[in-house]
Amino acid sequence: MTENDRLWSVDTLRGLDMMFISGLGLGIQALVLACGGTEQSWLWQEFMHSCEIAGCWKNVNFEDTIFPLFMFISGLSFPWSLASQRKKGRSTLRIVLSCIRRMALLWVLGWMYGGILSLKFGEGGFHSWISILSRIGTAWMFAAFIYMATKAVWQRAAACLGVGLIMFLLHLCVPVVFSRQYAGFGQHMLNQVLDIMLPLSGMIACDLVRRDPERVSGNRKALELAVTGVVIWGIGQLARRFFHIQSPIGCVAGKNFFFLGWSFMAFALFYWVIDVLGFRRWTVVFTPVGKNSILAYTMGMMGVTYALTAFFFTGL
């Protein structure tokens, strides 16, 4: 595999994930109701954000895994992009500046989506400087910086664990942040720190599959990805049970490790089926979306997917 090769599995997985981000779940829910199901049907419930329910995450639904998976996927293609830029002779400073520009662009798009152009602030107008897009941009940028500052997979894995250690230290050394008075800020701090683990782990997963195929077979790479996912998923389960379910450390750490393990396993499955076994024909539905993810996300924000769902399913 050369440095400029693109894995079909990455574009396919990103395309499928973007479809769900853009509202595919709404279409599935509408189809369930059209076929005689109810809002209590398990399939309908799978596309509800159970993590938004007060308490924590006793039951994690499929819809809850969509955003963390996208964060993970955002890191998968960076090693190829970095190798391509370095091959073209671009300096590290220029690459760093391009990462900062990308982060800034996502912040601005998040503000625009939040209504900043209306120039109305507070209730009924623009009310939050932090958005989903800003979280994606910030986490990806810092993950990219960590990746560029390290050389070996074990160093990047250690950095990823270091991010988790920072989260523990914040919890132990700054307890006021996690008091009831500052619970919202503390939760955001944990989320932002742990968000970095997702794209950085995606970059590590990319390193694993970029190894020389003559030395490491595709089947072994897929197995290593799957085993890694199972181990991380298990750590998430232990964190959930070891710490009190209502505590920020138990809830946020458990969720992130759970979602990270799920992302590794999902990528392992797609990589094995598409790139190792070579079953690619069915990916034609998803790869165009995966290669134009920003357009797909913009359509979702503009309500295009919701309008299509209403057009096809309302009244059935």
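**An all-helix chain in close-up**

**Overview of the whole chain.** Of the contacts in this chain with a separation of 6 or more, 74% are between residues 24 or more positions apart (contact means heavy atoms within 4.5 Å). What you are looking at is a predicted model, so local features are given only where pLDDT is at least 70 and side-chain atom pairs only at pLDDT 80 or more, while totals for chains, interfaces and linings take in all residues. Numbering starts from 1 along each chain as its sequence is written, and side-chain values rest on heavy atoms, with hydrogens and water left out. The tally of secondary structure is 14 helices and 0 strands (DSSP runs numbered from the N terminus: H or I of at least four residues for a helix, E of at least two for a strand). Read along the sequence, that gives α-α-α-α-α-α-α-α-α-α-α-α-α-α. Of the 316 residues, 44% are buried (under 20% relative accessible area; over 50% is exposed, and in between is partly exposed, with a 1.4 Å probe and protein chains only). About 17000 Å² of the chain is exposed, and carbon and sulfur atoms supply 67% of that area (Shrake-Rupley method, 1.4 Å probe; for residues, only the protein chains shown count as cover).

**Helix α1 and its kink at Gly23.** Helix α1 covers residues 8-34 and spans only 34 Å between its end C-alpha atoms, whereas a straight helix of 27 residues would span 39 Å at 1.5 Å a residue (the expected span is 1.5 Å times one less than the number of residues). Look to Gly23 for the centre of a kink of about 70 degrees (the bend at a residue is the angle between axes fitted to the seven residues ending there and the seven starting there). After α1 comes Gly36, with a positive phi near 100 degrees.

**Leu16 and Thr283, two spots with partners far along the chain.** Leu16 sits in helix α1. Its C-alpha is 7.4 Å from that of Gly290, although the two are 274 residues apart in sequence. Not counting residues up to four places away in sequence, Leu16 touches Phe270 and Phe286. Thr283 belongs to the loop between α11 (248-276) and α12 (287-291). With a relative accessibility of 0%, Thr283 counts as buried. Neighbours within four places aside, Thr283 is in contact with Trp8, Thr12 and Ile274.

**The largest nonpolar core, with 49 residues.** A core here is a set of buried Ala, Val, Leu, Ile, Met, Phe, Trp, Tyr and Cys residues joined through side-chain atoms within 4.5 Å. The residues with the most contacts inside this one are Leu76, Phe78, Met203, Leu225 and Phe267. At least two core residues come from each of α1, α3 (66-76), α4 (78-87), α5 (92-114), α6 (132-149), α9 (197-209), α10 (218-242) and α11. Zoom in on Leu225: leaving out neighbours within four places, it contacts Ala205, Leu208, Val209, Phe264, Phe267, Ala268 and Tyr271.

**Aromatic pairs, 10 in the whole structure.** Rings of Phe, Tyr and Trp (its six-membered ring) pair if their centres lie within 6.5 Å; planes under 30 degrees apart are stacked, over 60 edge-to-face and the rest tilted. Phe78 and Tyr147 make an edge-to-face pair, since their ring centres are 5.8 Å apart and their planes are at 80 degrees. That pair links distant parts of the chain, with Phe78 in helix α4 and Tyr147 in helix α6, 69 residues apart. Both Phe78 and Tyr147 are buried. Phe258 and Phe259 are edge-to-face too, with centres 5.7 Å apart and planes at 75 degrees. Phe258 counts as buried at 15% relative accessibility, and Phe259 is buried with a relative accessible area of 7%. Elsewhere, ring pairs join Phe72, Phe264, Phe267 and Tyr271 into a cluster.

**Helices α5 and α6, each close to its expected span.** The 23 residues of α5 reach 33 Å from first C-alpha to last, close to the 33 Å expected at 1.5 Å a residue. Ile95, Cys99, Met103, Leu106 and Gly110 are buried in α5. Its buried residues pack against α4 and α6. Thr92, also in helix α5, counts as partly exposed at 47% relative accessibility. The C-alpha atoms of Thr92 and Leu82 are 9.6 Å apart, with their positions 10 residues apart along the chain. For α6, 18 residues reach 26 Å, close to the 26 Å expected. Helix α6 is mostly covered, with 13 of its 18 residues buried.
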